[in-house]
Amino acid sequence: MTEELARVAGGPGLGQLPRRLAPSGMAQAICGFCSTGCNLKLHLKDGAAVNLSPDPNYPVNLGMACPKGWESLACLTASDRGTTPLLRATDGSRRPIAWSEAADVFTARFKDIQRRHGPDSVAWLGTGQITTEELAFLGALGKFGMGFRHGDGNTRQCMATAVAAYKQSFGFDAPPFTYADFEASDVIVLVGSNLCIAHPILWQRIQRNPHRPEILVVDPRRTETAMAASQHLAIRPKSDLALLYGIAHLLVAAERVDREFIAAHTVGFQQFRDFIRAFSPDRVASETGLTVGQIVRTADTIGRGRAVSFWWTMGVNQGHQATRTAQAIINLALLTGNIGRPGTGANSITGQCNAMGSRLFSNTTNLLGGRRFQDPADRSHVAMALGIPEDRIPRDDSWAYDQIVEGIRRGAVKGLWIVATNAAHSWIHQKDFREVLARLEFLVVQDMYFSTETAALAHLFLPAAGWAEKEGTFINSERRIGWIQKAARPPGDALSDFNIFRLLANHWGCGDLFRQWNSPESVFRLLQACSAGQPCDITGIRGYAHLAESGGIQWPFAASHTRDHLAEDTHPRERRLFTDGRFFTPDQRARFLFEDPSPSPEPPDAEYPFVLLTGRGTSAQWHTQTRTAKSALLRQLYPDRLYVEIHPDDARRLSLISGAPTCVQSRRGQLTATAFVTATVPRGHVFLPMHYPEVNQLTLPNFDPHSRQPGYKHCAVAIAAVHPQP
Ligand code: SF4
């Protein structure tokens with residue numbers, strides 16, 4: 001910490017930057033990778049975290065962790081950690097600068113763009129990887145302090161569909177489940193989820209289920225999860241919507257529906273029943289590639305189930321009709337009354353460690369606390385809770401991620417601030433996106449590492465602290481808020497994102513607006529006030545110590561402890577929603593929502609005859625690998641080079657052998673990958689793991705109309721052997 005930084009950060013009204021470090025002994029943290037939200041105890045020695053172990057008493061992971069969790073500390077000591085701000089010169093080189101200069105440049109450049117081009121001309125792209133308090137600070141600073149109109153997060157790439165589906169069907173973005181439901185079901189339906197690999201600890205929770213559950217997996221690929229299923233429905237890609245409607249058709253025809261629940265708690269059943277008449281088993285078999293017998297057996301298993309839980313992840317969320325597909329899953333739960341009871345639910349499993357925090361508190365497409373920018377009462381509540389003038393709060397949602405990208409393309413957006421996401425790797429149709437980024441007058445990237453594909457493009461790089469180098473909270477998939485203690489110091493002059501926001505607020509001249517935002521816990525209290533009266537009301541949490549002693553707390557947890565929508569389970573640490581059948585819509589009824597399936601936007605043809613599927617590779621890899629690639633141990637657990645899975649019959653036909661370099665080409669680009677000949681992919685399909693930077697050179701930019709989430713899972717490609725040049 002330089003003297004200069006302390007001086008700059010300690011400006012009027014801001015006080016000193018908090019630099020609290022957990023005392024020697026043990027600290028606790030929620031894992032910073034996936035949304036499972038495992039608790040990890042950090043072992044401290046001489047003020048530094050030297051080891052970790054999963055907490056056996058935490059209700060999420062019960063003493064377990066996957067390889068990424070075990071190796072969490074390895075990513076903190078990498079040689080490409082940012083230790084000082086970097087400013088790009090006109091010759092392209094980057095030079096280290098002090099934080100005061102960085103904050104001055106940030107302020108001057110963005111203000112200049114705003115002055116010349118108006119309020120739409122600056123935007124930010126955030127993340128689901130930083131703490132809830134930091135997400136809220138970014139959103140509040142951007143919109144209320146700096147006058148940015150548009151900000152979105154990388155959660156658009158993974159969870160926007162679940163948000164849209166829940167909001168429309170339930171009246172609020174409310175995943176209803178608790179992880180104990182994995183252990184209480186007698187039928188578990190996984191749609192587009194390779195749980196074994198993507199959420200290994202949740203798969204372990206299924207293994208603990210004493211009811212010997214039927215496990216049904218809907219996935220075009222024979223994934224690790226599908227191999228362990230009692231029924232694998234290897235559908236044609238993106239025919240899941242037809243399958244789900246076909247299952248509903250059979251359940252209704254066999255009278256295996258919960259008429260009482262439907263009548264008391266839903267709207268739209270008659271219309272849905274009329275709609276699904278068209279989805280006969282013969283039609284669905286022809287569209288999905290399954291047999292009529294498979295479809296009938298699946299419906300029969302669900303219909304006979306005592307407690308059926310439905311779970312989905314990116315195979316559903318990243319499709320061209322994603323929201324309606326998620327709602328087709330929700331419809332099945334409503335139809336059969338499988339919601340609000342142990343072992344049931346229409347359950348979206350989130351991707352990133354704090355995607356759920358982002359969904360409620362990032363101030364992007366929701367006002368803080370899951371409120372609406374368009375609602376005067378909501379704006380007034382938030383203004384009061386934060387002590388800010390109400391006219392600081394915009395009256396409309398932000399542009400979504402893809403709309404911000406299009407704004408840059410047409411010259412409306414000239415300045416962009418990217419926080420903790422590697423967009424130049426992960427955004428769909430990568431070549432186009434990088435060309436779009438190159439049009440920006442000013443790109444700021446705030447990240448742990450100066451070497452990511454995105455940081456390398458920045459005009460200004462701001463070095464950020466990583467997981468366990470700062471304090472705050474994450475919210476996991478089952479709505480559990482968990483506390484992270486600071487257990488290590490960030491390297492060099494890197495600052496927590498929280499302190500970067502404080503510093504920038506001060507330089508921007510809006511520090512007074514954030515006088516109360518002087519520590520993560522003080523922000524947590526502000527967010528509690530924003531949540532008051534909402535379905536996600538957390539006003540009953542008595543601060544971080546309460547979270548620590550309770551094993552995390554699931555929302556809602558209102559001060560009254562008696563919200564209508566919440567009932568205590570026998571296990572007080574597990575809470576599920578809708579136990580009384582009352583939803584968050586104005587009439588407290590859930591909606592049956594549906595729409596005709598439409599063809600995939602880029603079907604295979606003579607020129608590009610294969611369907612490309614993408615997804616997670618191994619449980620040792622995380623997204624764009626900016627962190628997992630730093631661990632020597634994790635690197636031993638996955639192939640170091642990109643590979644493409646291809647069916648043996650296709651490989652034979654094209655003279656491809658395992659281990660040979662193979663060209664995969666789409667209309668947007670081409671790459672070379674090592675062939676991996678395996679029957680886990682169907683004929684006519686290939687699979688690429690998303691973690692390697694080349695993959696999004698091929699993907700097709702298409703977006704679900706309701707959630708605006710990109711459809712990464714399907715496009716047409718050609719493949720061929722790469723022959724050595726003479
Ligand atoms: Fe748990 Fe996910 Fe972390 Fe693995 S990556 S330890 S499953 S939270």
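Of the 726 residues in this protein, 66% are buried. That is a good place to start a tour of what is a predicted model. The chain folds into 26 helices and 26 strands. Its radius of gyration is 25 Å, close to the 27 Å that the globule rule gives for 726 residues, so the protein is as compact as a globular protein of that length. Along the principal axes, the C-alpha trace spans about 75 × 75 × 50 Å.

How do distant parts of the chain take part in this fold? Among contacts with a separation of 6 or more, 73% are between residues 24 or more positions apart. Turning to the outside, the protein exposes about 24500 Å², and carbon and sulfur atoms supply 51% of that area. There are 75 positive and 68 negative charges, and the mean positions of these two groups are 1 Å apart.

Now let us visit some individual places, beginning with the loop between β3 (48–54) and α2 (67–70), where asparagine 61 lies. Is asparagine 61 buried or exposed? Its relative accessibility is 0%, and because buried means under 20%, asparagine 61 counts as buried. The side chain of asparagine 61 reaches the backbone nitrogen of asparagine 39 at 3.0 Å. Leaving aside residues up to four places away in sequence, asparagine 61 touches Cys38, Asn39, Pro54, Asp55 and Ile201.

The next residue to look at, leucine 62, is found in the loop between β3 and α2. Leucine 62 is partly exposed, with a relative accessible area of 28%. Its backbone deserves a look too: most residues other than glycine have a negative phi. Leucine 62, however, has a positive phi, near 50 degrees.

Another stop is strand β10 (residues 231–233), which holds leucine 233. With 2% relative accessibility, leucine 233 counts as buried. Which residues does leucine 233 touch, not counting those up to four places away in sequence? They are Val217, Val218, Asp219, Leu243, Leu290, Gln294 and Thr298. Threonine 288 is 55 residues from leucine 233 along the chain, yet their C-alpha atoms are separated by 9.1 Å.

Helix α19 (residues 401–409) offers a view of helix packing. Its buried residues are Tyr401, Asp402, Ile404, Val405, Gly407 and Ile408. To read that pattern, recall that an α-helix has 3.6 residues a turn, so residues three or four places apart point the same way. What do the buried residues of α19 pack against? Their partners include the strands β6 (122–126), β7 (150–153) and β14 (415–419), together with the helices α20 (423–426) and α21 (430–437). After α19 comes glycine 411, with a positive phi near 90 degrees.

The last stretch of the tour is the loop between β19 (553–554) and β20 (590–591), the place of proline 556. Most peptide bonds are trans. The bond joining tryptophan 555 and proline 556 is cis, with omega about 0 degrees. Glutamine 588 is also found in the loop between β19 and β20. Although glutamine 588 is not a glycine, its phi is positive, about 65 degrees. Glutamine 588 has a relative accessible area of 30%, so it counts as partly exposed.

Key
Residues are numbered from 1 along each chain as its sequence is written. This is a predicted model: local features need pLDDT of at least 70, side-chain atom pairs count only at pLDDT 80 or more; totals for chains, interfaces and linings use all residues. Side-chain values use heavy atoms; hydrogens and water are left out. Helices (H or I, at least four residues) and strands (E, at least two) are DSSP runs, numbered from the N terminus. The radius of gyration is taken over C-alpha atoms; the globule rule is 2.2 Å times the number of residues to the power 0.38. Buried means under 20% relative accessible area, exposed over 50%, partly exposed in between (1.4 Å probe, protein chains only). Contact means heavy atoms within 4.5 Å. Accessible areas come from the Shrake-Rupley method with a 1.4 Å probe; for residues, only the protein chains shown count as cover. Lys and Arg count as positive and Asp and Glu as negative; His and the chain ends are not counted. The place of a charge is taken as NZ of Lys, CZ of Arg, CG of Asp or CD of Glu. A polar contact is a pair of N or O atoms within 3.5 Å; within protein, one must be able to donate a hydrogen and the other to accept it, and residues adjacent in sequence count only if both atoms are side-chain atoms.
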